[in-house]
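User: I am new to this structure. Please walk me through the labels people put on it, and the reasons behind them.

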Amino acid sequence: KSGLTVPCTQDECHYPHCNDSVMMCIIMIRDKLAQTDLLKDLAPAHMDEICRLMVACNFSADDTIFEQDQYAEYLYIVISGEVCIRFKPHDGEILEVARLGSGQVFGWSAVLGRAIYTSAAVSVTTSECAKIRGRDLQNLCENHPDTGIIIMERLAAVIAERLSGTNAQIFNLLSKNLGQKR
């Protein structure tokens, strides 16, 4: 359930059903996007280009943004609200991997060239996000290598931090389960 699409300023837009009021939405959240760890301090021209590729989307509480094993198309940035990342092992219960708030990134499988999302994302509260197609971000990074390196390094840091937190959660879960069996 994603809401808005954002028109390009290019001759031909790659998003259907564009209108000027939607572009105003991205302009209004541009400043918030520029403050995120992923996009802060980028050159204004590169930030403008990223914003042209962004799609603003709104989710109600309990909306599934994407399912685990769903085709990975978009990288998301939380503008406001809260999003929960959930992982379902094939032989166990659903694990809450992370709760994300304003400025945080999820859905990085789309940028890493993975075919599917490895976890699900669910909006905990009414949430506003911005999303960008993984292939569009990859193309931008290839066309602007200096900016691309910055974005990829920052994304790598986000992934490393999230995986570190996930490893700690799995260790605690295993410890708890082993303790119950004694």
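User: Which residues form one aromatic cluster?

Analyst: This is a predicted model. The aromatic cluster is made up of Phe66, Tyr74, Tyr76, Phe106 and Tyr117. The count of aromatic pairs comes to five.

User: Why is the pair of Phe66 and Tyr76 called tilted?

Analyst: Start with the distance. The ring centres of Phe66 and Tyr76 are 5.7 Å apart, and rings pair if their centres lie within 6.5 Å. Now the angle. The planes of Phe66 and Tyr76 stand at 35°. Under 30 degrees would be stacked and over 60 edge-to-face, so the rest count as tilted.

User: What does the pair of Phe66 and Tyr76 tie together?

Analyst: Phe66 lies in strand β2 and Tyr76 in strand β3, so the pair links parts that are 10 residues apart in sequence.

User: What makes the pair of Tyr74 and Tyr76 edge-to-face?

Analyst: The planes of Tyr74 and Tyr76 are at 65°, and the cut-off for edge-to-face is over 60 degrees. Their centres are 6.3 Å apart, within the 6.5 Å limit.

User: Are Phe66, Tyr74 and Tyr76 buried or exposed?

Analyst: Buried means under 20% relative accessible area. Phe66 has 3%, Tyr76 has 4% and Tyr74 has 11%. Each of these counts as buried.

User: How do you know that Cys57 is in no disulfide?

Analyst: A disulfide needs two cysteine sulfur atoms within 2.5 Å. For Cys57 the nearest cysteine sulfur belongs to Cys129, 5.2 Å away. So the pair fails the 2.5 Å cut-off. Across the whole structure, the search finds zero disulfides. Cys57 is also buried, with a relative accessible area of 0%. Cys51, at 5%, counts as buried too.

User: What makes Arg30 and Asp48 a salt bridge?

Analyst: Their closest N and O atoms are 2.7 Å apart, and the cut-off is 4 Å. Arg30 lies in helix α1 and Asp48 in helix α2, so the salt bridge ties together parts 18 residues apart in sequence. Arg30 has a relative accessible area of 22% and Asp48 has 32%. Both values fall between 20% and 50%, so the label is partly exposed.

User: How many salt bridges does the whole structure hold?

Analyst: The search finds five. Glu73 and Arg133 meet in one, at 2.9 Å from N to O. Glu73 sits in the loop between β2 and β3 and Arg133 in strand β8, so this pair ties parts 60 residues apart in sequence. Glu73 is partly exposed at 25%, whereas Arg133 is buried at 13%. Elsewhere, Glu82, Glu96 and Arg99 are linked in a network of salt bridges.

User: Why is Asp37 called exposed and Lys40 partly exposed?

Analyst: Exposed means over 50%. Asp37 has 53%, so the label is exposed. Lys40 has 34%, so the label is partly exposed. The side chains of Lys40 and Asp37 meet in a salt bridge, at 3.5 Å from N to O.

User: Why are β1 and β6 said to stand at the edges of the sheet?

Analyst: Four strands form an open, antiparallel sheet in the order β1-β8-β3-β6. β1 and β6 each have a single partner strand, so one side of each is left without a neighbour in the sheet.

User: How do you know that β3 and β6 pair?

Analyst: Pairing needs at least two bridges. β3 and β6 have two, in the antiparallel sense. Ile77 has Val105 of β6 as its bridge partner. Helix α3 packs on the sheet, touching β3 and β8. The direction of α3 makes about 60° with that of β8.

Definitions and conventions
Residues are numbered from 1 along each chain as its sequence is written. This is a predicted model: local features need pLDDT of at least 70, side-chain atom pairs count only at pLDDT 80 or more; totals for chains, interfaces and linings use all residues. Side-chain values use heavy atoms; hydrogens and water are left out. Buried means under 20% relative accessible area, exposed over 50%, partly exposed in between (1.4 Å probe, protein chains only). Contact means heavy atoms within 4.5 Å. Axes are lines fitted to C-alpha atoms, for helices over the stretch in contact, and angles run from 0 to 180 degrees between N-to-C directions. Rings of Phe, Tyr and Trp (its six-membered ring) pair if their centres lie within 6.5 Å; planes under 30 degrees apart count as stacked, over 60 as edge-to-face and the rest as tilted.
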